[in-house]
Amino acid sequence: MFVNGRTHILSETIQKTAWINLAAAGICGAARMIINRHGSASPDMLNQLTWTIQIGTSFLQVALTGCVFIQAYWTLARCRKRIPREDYYEMAKLQEEVLPDRISALSSYSTLQLLEVWAGILLGVKVIYDIFAGVYRSFVADLSLVFDPADAEAMEAFRTLYNNTHAFKYVGMLIAIALGVFITGIFLNDRKLKLTAAVLAVIYILSATGMQMGTYTVLNRDVAIVWSSVVFQLLQTVGLLGFSFYLKKRYRGV
């Protein structure tokens, strides 16, 4: 069976998640600016207060995202419960014949499958990402003890090593999101989505291997920017928003 073409379950769920991600990034960014303004001596990565705020924000982010997916699942379940399970196939045929322009582009079962795929990515993989973010932070902390801050050459080597390894922190989550876009493209037979997933992978590879960490002065403070981090943050906020808007505008009920 199909749901009503005006009931956008998957796209609205991804859109809400993207807004949550954007709010979380804003909170962490604002916290870093406030802490740095008060004369923090340690880098953002190693600052304990910054890390505590990031962990708390991430926990809240996962909790809110979980609520969004649970609500979406309940909405879809209510739509499916209106018809007995054994009548799903006959109802789908009837809907296609009688209401071809008022039903969703995907069956309710396909929508449920995609909802589960994205729940696995934006919840399951997100939790794994947070765990290994802590592991990576410990690695950087141990690595910083090896280099002498007074030695300019040593610190340059540390920055190079940090830049070259930082991309590994995000690669799992990025691959998962790219696969989610690609799988959605398969369900919808959408070549643009499949190509977009490939382009995302290429852009991330280039940002991680072809662009060095840059240092810029912001509000009288030197800020080091790792471009693979910028690409990832844009993907999980602006990228997911654009993806959800595309689904909602192009496909009925998705």
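The following paragraphs describe how several helices of this predicted model pack against one another, and which residues line its largest cavity.

Helix packing is a convenient place to begin. Two packed helices are described by the angle between their axes and the distance between the axes. Helix H1 spans residues 10-37 and helix H7 spans residues 227-250; their axes lie 8 Å apart, at an angle of about 160°. Because angles over 145 degrees count as roughly antiparallel, H1 and H7 are roughly antiparallel to each other. Their crossing is left-handed. On the H1 side, the residues in contact are Leu10, Ser11, Glu12, Ile14, Gln15, Ala18, Trp19, Asn21 and Leu22, and their partners in H7 are Gln236, Thr237, Leu240, Leu241, Phe243, Ser244, Phe245, Leu247 and Lys248. Sorted by class, this contact holds 10 nonpolar, six polar and two charged residues.

H1 also packs against helix H2. The axes of these two helices cross at roughly 170° and come within 10 Å, so H1 is roughly antiparallel to H2 as well. Here, however, the crossing is right-handed. H1 contributes Thr13, Lys16, Thr17, Ile20, Asn21, Ala24, Ile27, Cys28, Ala31, Arg32 and Ile35 to the contact, and these meet Leu49, Thr50, Ile53, Gln54, Thr57, Gln61, Leu64, Thr65, Val68, Phe69, Gln71 and Ala72 in H2. The residues of this contact comprise 12 nonpolar, nine polar and two charged. Asn21 appears in the contact of H1 with H7 and also in the contact of H1 with H2.

A further pair is formed by H4 and helix H5, the latter covering residues 152-188; the angle between them is about 175° and their axes are 10 Å apart. This angle makes H4 roughly antiparallel to H5. By class, their contact has 22 nonpolar residues, eight polar ones and two charged ones.

The loop between H4 and H5 contains Phe147. Apart from its neighbours within four places in sequence, Phe147 is in contact with Ala154, Met155, Ala157 and Phe158. For one of these residues, Ala157, which is 10 residues from Phe147 along the chain, the separation of the two C-alpha atoms is 8.7 Å.

The description now turns to internal space. The model has one cavity of 30 Å³ or more, and the volume of the largest cavity is about 60 Å³. Its lining is made up of Thr17, Asn21, Gln61, Val62, Thr65, Leu122, Lys126, Met173 and Gln236. The elements that supply two or more residues to this lining are H1, helix H2 (48-81) and helix H4 (108-144). H2 provides the largest share, namely three residues. The lining divides into three nonpolar, five polar and one charged.

Several lining residues also belong to the helix contacts described above. Thr17, Asn21, Gln61 and Thr65 are among the residues that line the largest cavity, and these four residues take part in the contact of H1 with H2. Gln236, another residue of the lining, is one of the H7 residues that meet H1.

Note on methods: Residues are numbered from 1 along each chain as its sequence is written. This is a predicted model: local features need pLDDT of at least 70, side-chain atom pairs count only at pLDDT 80 or more; totals for chains, interfaces and linings use all residues. Side-chain values use heavy atoms; hydrogens and water are left out. Axes are lines fitted to C-alpha atoms, for helices over the stretch in contact, and angles run from 0 to 180 degrees between N-to-C directions. Angles under 35 degrees count as roughly parallel, over 145 as roughly antiparallel, 65 to 115 as roughly perpendicular and the rest as oblique. A crossing is left-handed if the near helix is turned anticlockwise from the far one by less than a right angle, and right-handed if clockwise. Contact means heavy atoms within 4.5 Å. Ala, Val, Leu, Ile, Met, Phe, Trp, Tyr, Cys and Pro count as nonpolar, Asp, Glu, Lys and Arg as charged, and the others, Gly among them, as polar. On a 1 Å grid over the protein atoms alone, a cavity is a set of points where a 1.4 Å probe fits but cannot get out, and a pocket is an open set with protein on both sides within 12 Å along at least five of seven lines; lining residues have an atom within 4 Å of a point. Grid points are joined across faces, edges and corners, and a volume is the space filled by probe spheres set on the points.
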